[in-house]
Amino acid sequence: MSDHVRKLLHSTFLYLPAQFIPPAVQFALTVLWTHLLDPAAFGSVTFVIAAQEFAAYLGLSVWSLFVLRFRPRFIGADETRFREMDKRMAVSASAVQLALTPPMLLLLGMPCDAPTVCAAAAYLITRMLLAHYGDWARAGQSIGAYTSGQLIGALVGAGLSVAAIRQFGSNPAAVLGALALGQALALAVVALQTGVRFGLGRFDRAMFRDVARFGGPSIIGGVVGWGAANIIRVLVQTIDGPVALGLISAGWSLGQRIAGVLAMLLTAAAFPLAVKHMESGDRAGALAQISLNGLLLLGVLAPATVGAAAVAQPMVTLLIAENFRESTIAILPVAICAASLRYLRIHVCDQAMILLERPELSMFVSIAETAMNVALCAAGLYVGGLFGGALGMLLGTTIACVAGFAYCFARLGLPAPTPWTALRIGLACLAMYVGVRALPEGGGAIFLAVAVLAGALIYATAIVVLFPDIRASLIARLHRQSEAPAQ
């Protein structure tokens, strides 16, 4: 096993609780909301949650990316200067979130009364700050602080949101306020563990110029890129109204959640390792680390997409409220596929571009993807309704993904996997799909559990058979374990 693989797997294992549990909780919470909220309220809450990413790009996302990429350079004599600038950026970004809240609520047709504005603004601000100081912890290799923030924010926020619905009914303001409260508690814990202090801070012009030069394209790319993933929500809300938004949001949100859970298993650990190689002068090693992460990510996301297509109907029937089922069964596999392709591009192509300090390239790809998705989604909605719109999103994202990888392989020197490697993963996915579809027809929790376990077993077996290196490593590990008692 190569040194790159060992480092990635070791770091991934350390980050695993923070990367798996919160997205899994969010997935379960989204499913539960379909039973507790009416379609209009569900669509509003999930839209605000999705819009948080857009708002954060106008807030702290670029500064967070600068921290994650360059903080090691400021440790030591410049630490105080860096922390003072961080305080000022956090305060300014929080003001931006507050200013963005009323227009966002008006777009959704939600009331702009004081409780709703305060709850939505509190959600946006606490979510942004928690994500930022989580990246601050990652940049400092403080895995414990990062894990605490992720787990507390997800678990406490989820519990409080359910309690709020029980108390106040299908009220978006109550749900968002409860989520914000959980995130605020998590933020306080992270601040204590990392030594972060809040205040007005001091603006640093020289540092801001570096941030603007590095992050300007990232702001544009991030804002536009949010549209690439979520423009279907805006178009459906505009054309068909809040109830249709709720119906499309169930399948689209769950698809993104499932892909997000799996993608984040690897991505939190990979980029800091690549940065470490880059800062030590090992450009080839840094790109190799990114390429390896992409290959492992493909090996996780591809079977998830295929498996979702195989079990979509029994899974949705079991988990999702009846009002949302018909649209979710159709949209979920398409949503997972589109989200998987987008995560693959973002966590490989975009990270390679950022690593090489070429964020403008990521911006161009995001602009092209968004333009294609707007046109293709609108055409799809017109021709085929909600399912047609989802297919339009998938087509645009696929074109952008292929183009992004082609550029990185040809012009940036990103190591490309052999076609045989990708083909073997595809064959393993095909074997899994055939095996799951060969199971007798059924439904319920037991059938779904058997189908998922059977698919995972078939895929894992096929991977071991098709990849000699993995097979040899597994046999060697088993051999060492069998010899250990004798020693």
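Let's start with the second largest pocket, which holds about 740 Å³ of space. I should say right away that this is a predicted model. The pocket has 25 lining residues, and those closest to its centre are Ile258, Leu262, Pro303, Ala304 and Val452. Which helix gives the most to this lining? That would be helix 10, with 10 residues. Helices 1, 9, 10, 13 and 14 each supply at least two residues of the lining. If you want to find them on screen, helix 9 runs over 242-279, helix 10 over 283-319 and helix 14 over 444-466. As for chemistry, 22 of the lining residues are nonpolar and 3 are polar, with no charged ones.

So much for the pocket; now please scroll to helix 12. Helix 12 covers residues 359-412, 54 residues in total. A straight helix of that kind would reach 80 Å, yet here the end C-alpha atoms are only 13 Å apart. Where is the kink in helix 12 centred? Look at Gly384: the kink there is about 150°. Right after helix 12 comes Gly413, with a positive phi near 80°.

Helix 12 also brings us to the charged pairs. In general, side chains of opposite charge can pair when their charged atoms come close. In this model the count is 6 salt bridges. One of them joins Glu84 and Arg202, with the closest N and O atoms 4.0 Å apart. These partners are 118 residues apart, Glu84 sitting in helix 4 and Arg202 in the loop between helix 7 and helix 8. Glu84 has a relative accessible area of 17%, so it counts as buried.

Next, Glu369 pairs with Arg345, and their closest N and O atoms are 2.6 Å apart. This salt bridge links helix 12, home of Glu369, to helix 11, home of Arg345, across 24 residues of chain. Are these two partners buried or exposed? Glu369 is buried at 0% relative accessibility, and Arg345 is buried as well at 1%.

For a contrast in setting, take Arg358 and Glu360, whose side chains meet in a salt bridge at 2.5 Å, N to O. Here Arg358 is partly exposed at 32% relative accessibility, and Glu360 is partly exposed at 23%. Finally, Glu369 and Arg345 have company: salt bridges with shared partners join Arg342, Arg345, Asp350 and Glu369 into one network.

Key: Residues are numbered from 1 along each chain as its sequence is written. This is a predicted model: local features need pLDDT of at least 70, side-chain atom pairs count only at pLDDT 80 or more; totals for chains, interfaces and linings use all residues. Side-chain values use heavy atoms; hydrogens and water are left out. Helices (H or I, at least four residues) and strands (E, at least two) are DSSP runs, numbered from the N terminus. The expected span of a helix is 1.5 Å times one less than its number of residues. The bend at a residue is the angle between axes fitted to the seven residues ending there and the seven starting there. Buried means under 20% relative accessible area, exposed over 50%, partly exposed in between (1.4 Å probe, protein chains only). On a 1 Å grid over the protein atoms alone, a cavity is a set of points where a 1.4 Å probe fits but cannot get out, and a pocket is an open set with protein on both sides within 12 Å along at least five of seven lines; lining residues have an atom within 4 Å of a point. Grid points are joined across faces, edges and corners, and a volume is the space filled by probe spheres set on the points. Ala, Val, Leu, Ile, Met, Phe, Trp, Tyr, Cys and Pro count as nonpolar, Asp, Glu, Lys and Arg as charged, and the others, Gly among them, as polar.
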